[in-house]
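Trainee: Can you show me how the words used for a structure follow from the numbers? I'd like to go through it slowly.

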Amino acid sequence: MTLHAQEYWRQRFAADREQLEQTRQEGLAQASKAAEAMRERWPQIRAIHVFGSVLDDRFRSHSDLDLLVEGLPPAALLDAIALAEGAGPLPVDLKRREDLNDDLVQRLLRKSQTL
C-alpha cells in the first residue's frame, strides 16, 4: 500500500470513529430525552435504565438504544417505543421490567445507567 493510501485510510478510520462517537453521544441524549418524556406521560414509572452497547465500546453503526422501564403500563409499550424513537436517531429496544425474570433484570442492571 502506498503512503498516500495509508494516510487516506488512517484519516477515513479516524473520521468513522469520530462519527460513531457522535452518534453514541446522540443516543445517550436520546435516552435522557425519552426518559423525561416517558415520566411526563406516565407518572407511575418508577425507574428507567439505559444499558447495552451505547454505554461502552461495543457501540456500532447498527446499534440500538436499550432501555429498561419499571412501572410502564403494558398497553403503553408501543407508544413508549415510538416516543423514545422520536427523541433521537437510534432505534429503540424497550423492555418492561415486569416482563422479565429477576436473573435477567439483575444482569442488565449491573451494567446500566439510571436515567
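Mentor: Sure, and let's begin with contact, which means heavy atoms within 4.5 Å. This is a predicted model, where local features need pLDDT of at least 70 and side-chain atom pairs count only at pLDDT 80 or more, while totals for chains, interfaces and linings use all residues. Residues are numbered from 1 along each chain as its sequence is written, and side-chain values use heavy atoms, leaving out hydrogens and water.

Trainee: Okay, which residues is Gln 30 in contact with, leaving aside neighbours within four places in sequence?

Mentor: Gln 30 sits in helix H1. Its contacts are Leu 65, Ala 84, Glu 85, Ala 87, Gly 88, Pro 89, Leu 90 and Val 92, once neighbours within four places in sequence are left aside. Helices here are DSSP runs of H or I with at least four residues, strands are runs of E with at least two, and both are numbered from the N terminus.

Trainee: And why is Gln 30 called buried?

Mentor: Buried means under 20% relative accessible area, exposed means over 50%, and partly exposed is in between (1.4 Å probe, protein chains only). Gln 30 has 0%, so it is buried.

Trainee: What makes Thr 23 count as buried?

Mentor: Its relative accessibility is 18%, so Thr 23 still counts as buried. Thr 23 is also in H1, and it touches Phe 59 and Leu 90, not counting residues up to four places away in sequence.

Trainee: What covers the buried residues of H1?

Mentor: The cover includes strand S1 (47-51), strand S2 (65-70), H2, strand S3 (92-96) and strand S4 (112-114). Among the buried residues of H1 are Gly 27, Leu 28, Ala 31 and Met 38.

Trainee: Is Ala 37 buried, partly exposed or exposed?

Mentor: Ala 37 lies in H1 too, but its relative accessible area is 27%, so it is partly exposed. Trp 9, another name to look up in H1, comes out at 35% and therefore counts as partly exposed as well.

Trainee: What about Asp 57, buried or exposed?

Mentor: Asp 57 lies in the loop between S1 and S2. With a relative accessible area of 67%, it is exposed.

Trainee: And why does Phe 51 count as buried?

Mentor: Phe 51 has 8% relative accessibility, so it counts as buried. It belongs to strand S1 and touches Asp 66, Leu 67, Leu 68, Leu 108, Lys 111 and Ser 112, not counting residues up to four places away in sequence. The C-alpha atoms of Phe 51 and Asp 66 are separated by 5.5 Å, though these residues are 15 apart along the chain.

Trainee: Now the helices. What makes H1 oblique to H2?

Mentor: H1 (residues 3-41) and H2 (residues 77-85) pack at about 140°, with axes 8 Å apart. That makes H1 oblique to H2. For the cut-offs, under 35 degrees is roughly parallel, over 145 roughly antiparallel, 65 to 115 roughly perpendicular, and the rest oblique.

Trainee: Which residues meet there, in H1 and in H2?

Mentor: Gln 30, Ala 34, Ala 37, Met 38 and Arg 41 in H1 meet Asp 79, Ala 80, Leu 83, Ala 84 and Glu 85 in H2. They divide into 6 nonpolar, 1 polar and 3 charged. Nonpolar covers Ala, Val, Leu, Ile, Met, Phe, Trp, Tyr, Cys and Pro, charged covers Asp, Glu, Lys and Arg, and the others, Gly among them, are polar.

Conventions:
Axes are lines fitted to C-alpha atoms, for helices over the stretch in contact, and angles run from 0 to 180 degrees between N-to-C directions.
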